[in-house]
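Open the model in your viewer and keep the selection panel at hand. The stops below run from the whole chain to single helices.

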Amino acid sequence: MTRAPEAHDADFRTFAVSRWPRLLRTARLLTGHHHDAEDLVQVALAKAYARWHRVTQSADPDAYVWRIMINAHRDRIRGLRVFEWLTTRFPEQTVRDQAEQVLARDVLTSALQRLPPRQRAAVVLRYIEDRTETEVAALLGARIGTVRSRAARGLEKLRADPAVRELRAPGKRQEVSRRAGAAGRTGVR
């Protein structure tokens, strides 16, 4: 017996609304742009909706949708004819929020954007999304050893980044220098 279309839509709507923030956060870290991230999540959810019966029958619907999103991101990157340089600078003059947490997030996001795409994906999924090495390997279609080495190299590059080193450790009363935030924004790559 098949389920009514209304139940199908309601199940999908509940799933999409509850997963949207986490999917968007991951997509933002993968793409480097908020608008590209929204587009990526919408594409992933549209594909998931088209295959909703298969998604709900899978052992882990979240992993199924995450895999759709990662494949869509990979396809998007392959389809680029013009190489994009990720930057946090806009041509317009903006007033920057002075909150220390926003500055630290900006420095870390800039440092993540300077990582190669595969290392960035491994670091984001493993440490920011807090997924296991097995889950990351399955999502990226790679071996566990490859995920470990990519994540280790990515963390090593992040630790070596001067802007990241200047971030204060939690609990210390040391100020984050403005130079650390500016260093992550100055280089147009």
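**Whole chain**

Colour the protein chain by secondary structure: ten helices and zero strands appear. Read along the sequence, the pattern is α-α-α-α-α-α-α-α-α-α. The model is a predicted one.

Switch to a surface display. The protein chain exposes about 12,100 Å², and 54% of that area comes from carbon and sulfur atoms. Of its 189 residues, 33% count as buried. Among contacts between residues at least 6 apart in sequence, 62% join residues at least 24 apart.

**Helix α4**

Select residues 61-78, which form helix α4. At 1.5 Å a residue, its 18 residues should span 26 Å, and the end C-alpha atoms are 26 Å apart, so the two values agree.

Which residues of α4 are buried? Show Val65, Trp66, Ile68, Met69, Ile70, Ala72 and His73 as sticks. To see what these buried residues pack against, add α1 (5-31), α2 (34-50), α3 (52-57), α6 and α7 (133-140).

**Helices α6 and α8**

Next select α6 (residues 117-128) together with α8 (residues 144-160). Their axes lie 8 Å apart and meet at an angle of about 95°. Angles of 65 to 115 degrees count as roughly perpendicular, so α6 and α8 are roughly perpendicular to each other.

For the contact itself, pick Arg118, Gln119, Ala122, Val123 and Tyr127 on α6. On α8, pick Val147, Arg150, Ala151, Arg153, Gly154, Leu155, Lys157 and Leu158. Coloured by residue type, this contact shows seven nonpolar, two polar and four charged residues.

Key. Residues are numbered from 1 along each chain as its sequence is written. This is a predicted model: local features need pLDDT of at least 70, side-chain atom pairs count only at pLDDT 80 or more; totals for chains, interfaces and linings use all residues. Side-chain values use heavy atoms; hydrogens and water are left out. Axes are lines fitted to C-alpha atoms, for helices over the stretch in contact, and angles run from 0 to 180 degrees between N-to-C directions. Helices (H or I, at least four residues) and strands (E, at least two) are DSSP runs, numbered from the N terminus. Angles under 35 degrees count as roughly parallel, over 145 as roughly antiparallel, 65 to 115 as roughly perpendicular and the rest as oblique. Contact means heavy atoms within 4.5 Å. Ala, Val, Leu, Ile, Met, Phe, Trp, Tyr, Cys and Pro count as nonpolar, Asp, Glu, Lys and Arg as charged, and the others, Gly among them, as polar. Buried means under 20% relative accessible area, exposed over 50%, partly exposed in between (1.4 Å probe, protein chains only). Accessible areas come from the Shrake-Rupley method with a 1.4 Å probe; for residues, only the protein chains shown count as cover. The expected span of a helix is 1.5 Å times one less than its number of residues.
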